[in-house]
Amino acid sequence: MFDVFKIINFIKKQFDLKDLLIVTAILTLFFFTRLTNITALPIFGDEGIYIRWAKTAWQDANWRFISLTDGRQPLQTWLTIPFLKLFPENPLLAGRLFGVLSGLIALIGIFLCLFYIFNKRTAYLGTLLYIITPYFLFYDRMALADSMVNAGFIWLFFCSILIWKTLRIDTSLLFGLTAGFFMLAKSSMRLAIINSITAPVLSLALFKKNKSKYFNKIINYYILIVISSILALIIYNIQRLSPFFHFVSQKNLTFVMSFEEFKTQPFAYFFSNIKLIPNYIFSETTIFFGIIAILGFLKMFLNNKENIALYTIFWIIIPLSAIAFFAKVLFPRYLLFTGGLLLIPTSFYLNDLFAKNKSKLRLYFKLTVVLIFMFQTIKFDYAIIYDQINIPFPKVDKGQYIQGTTAGWGLKEILEYARQKSQEKNVIILAEGDFGVVGDQLEALKTVKDRKIHIKGYWPLNKEALIANQENLKDNYILIVLAHTQDIPQDWPVKLIKEYPKPISGQKITLLELQKTNDKLD
């Protein structure tokens, strides 16, 4: 029976004024690290898509499921809309606040999970680790769905343990509602449901000596998981209200092998992915984080915590195995959920480390552990918050967010220039590329007041497109933004306004203005 007074009494017993101060400090640190200079990094290509979708859905209720046109679930679109209403003059901030919200949900989830499994101090250490780990810090500051996926894995991991411990129907319903919510974030959330089904029985098969006495419990667990899954699927199928729902399965095949493809070439991507997975995870969590996680698992086995250790290991291994075999495309952000699960052994190890203080040698070792870890993380975190050009990413992420075509250096300045020109007459911006590149990025950065600025994406953007827009020069300024083309063709009727170089790579975004010409289309 639900009793709010029991909940209040429990909180009073477990938390005092000291805890209130600790929680306040943790939340202050979280929001400081997530919000400081949150828009300093230029808009990333995919962010442009997702923010534009949210703006469209906000303005037109008929397009609430607009993300399904590209096979993407709509949760990010829906949750970004309230932030766009709060910050209509800063769409990039609004979009990235979705990442902050996702991080906050993950933070609460990791605290509750560690508090329930271990104790309060481990929970505090886990939340602190979450806040300072670069992997989470960066993606909590981005308008991407991967931070919400990480939160989903943490919460479903926690809820699955609650079901196993309690075998209660209300816990099952909580799991179903939580799973349904997070399944609207991204297709990869299905891996968490698979974990909930497979990990318990695998853990029992490997570790429980007297398996027969758990037979009834495992049957009851799966009955509750079936109930949860049905509820989650009912919520997930709200997307069928859109005629574009079928694009989800089509889009998945862009990133994941079908079973038919897998049967013919089962190792087509495996050997490449199996090398990339640890490299991506530990390059963005820091190597030292990975070492502590491994030590944490060993410590859990030694301290009679083998059940939760093995269960956590399966929650990591099962989805990573699926990714290794089936993923056609792999980026570090797709593995973010692994970092969230590794917080469990890492927090356990650090709590054990600081719980005992029997000798000076052990104290010196603790200080060494803290200093090395803090040096690695603070250096990384400082770059994320204050020195984005020098973030020590692996090469693939440097290309995406800092140096490559999808990094939107100069786009804010270009829009500001267009705003100044629009005070005289309308401005048309011809963007080189639309979906996921500069056209979408510019459209995402436009505010509600930029009604006199119109963006037209072209792929390819060539001389014919420029000549076709000559007729618009009478009543409009026509600007051209090049993100792919690095050398301006000599026969283009354009004037160079400014070039915006990207760090290290030598690439640039170029702003031009269309000039009148007598050339005609053939």
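# A guided tour of the predicted model

Of the 522 residues of the protein, 53% count as buried. Keep in mind as you click around that this is a predicted model.

**Stop 1: the whole chain.** Start with a cartoon view. The protein holds 22 helices and five strands. Its radius of gyration is 26 Å, close to the 24 Å that the globule rule gives for 522 residues, so the protein is as compact as a globular protein of that length. Turn the C-alpha trace onto its principal axes and you will find that the trace spans about 90 × 55 × 50 Å. If you like contact maps, here is a number for yours: among contacts between residues at least 6 apart in sequence, 76% join residues at least 24 apart. Switch on a surface, and about 24,300 Å² is exposed, with carbon and sulfur atoms supplying 64% of that area.

**Stop 2: the nonpolar cores.** Now hide the surface and select Phe 138, Phe 153, Phe 157, Trp 315, Ile 323, Leu 335 and Tyr 401. These are the residues with the most contacts inside the largest nonpolar core, which has 128 residues. Centre on Leu 335 next. Which residues does Leu 335 touch, not counting those up to four places away in sequence? The set is Tyr 135, Ile 277, Tyr 280, Ile 281, Leu 320, Ile 323 and Leu 330. A second core, separate from that one, has 24 residues; select Val 427, Ala 431, Tyr 477 and Val 481, which are among them.

**Stop 3: a buried salt bridge.** The structure has 16 salt bridges in total. For one of them, select Lys 251 and Asp 70, whose closest N and O atoms are 3.2 Å apart. This pair links distant parts of the chain, 181 residues apart: Lys 251 belongs to helix 12 (residues 247–255), while Asp 70 is in the loop between helix 3 (45–59) and helix 4 (75–86). Are the two partners buried or exposed? Lys 251 counts as buried because its relative accessibility is 18%, under the 20% cut-off. Asp 70 is also buried, at 16%.

**Stop 4: Arg 419 and its two partners.** Select Arg 419 together with Glu 416 and Asp 450. The salt bridge from Arg 419 to Glu 416 has its closest N and O atoms 3.2 Å apart. Both residues sit in helix 20 (residues 411–422), and because they are three residues apart there, about one helical turn separates them. Arg 419 is partly exposed, with 21% relative accessible area, and Glu 416 is partly exposed too, at 39%.

Now look towards Asp 450. In its salt bridge with Arg 419, the closest N and O atoms are 2.9 Å apart. Here the link is between distant parts of the chain, 31 residues apart, since Asp 450 is in the loop between helix 21 (438–445) and strand 2 (453–458), whereas Arg 419 is in helix 20. Asp 450 counts as buried, at 7% relative accessibility.

**Stop 5: a salt-bridge network.** Select Asp 46, Asp 146, Lys 186 and Arg 333 as sticks. Salt bridges link these four residues in a network.

**Stop 6: a nonpolar patch on the surface.** Bring the surface back and colour Leu 29, Phe 32, Leu 128, Tyr 382 and Tyr 386. Together they make a nonpolar surface patch of about 470 Å². Which helices each supply at least two residues of the patch? They are helix 2 (17–35) and helix 18 (360–386). Tyr 382, for example, is found in helix 18.

**Stop 7: Thr 171.** Go to helix 9 (residues 169–183) and pick Thr 171. With a relative accessible area of 11%, Thr 171 is buried. Leaving out residues up to four places away in sequence, Thr 171 touches Cys 159, Leu 162, Ile 163 and Thr 166.

**Stop 8: Gln 403.** Finish at helix 19 (residues 395–403), where you can select Gln 403. Gln 403 is buried, at 15% relative accessible area. Add Pro 503 to the selection: the C-alpha atoms of Gln 403 and Pro 503 are 5.7 Å from each other, although the residues are 100 apart along the chain. Expand to the contacts of Gln 403, again without residues up to four places away in sequence, and you will see Lys 398, Lys 502, Pro 503, Ile 504, Ser 505 and Gln 507.

Notes
Residues numbered from 1 in each chain as written. Predicted model: local features only at pLDDT ≥ 70, side-chain atom pairs only at ≥ 80, totals over all residues. Heavy atoms only, no water. Core = buried A, V, L, I, M, F, W, Y, C linked by side-chain atoms within 4.5 Å. Buried < 20%, exposed > 50% of the residue type's maximum accessible area, 1.4 Å probe, protein only. Contact = heavy atoms within 4.5 Å. Salt bridge = Lys/Arg side-chain N within 4 Å of Asp/Glu carboxyl O. Helix = DSSP H or I, 4+ residues; strand = E, 2+ residues; numbered from the N terminus. Patch = residues over 30% accessible without salt bridge, like charges linked within 9 Å, V, L, I, M, F, W, Y side chains within 5 Å. Areas by Shrake-Rupley, 256 points an atom, 1.4 Å probe, with all protein chains shown as cover. Rg over C-alpha atoms; globule rule 2.2 N^0.38 Å.
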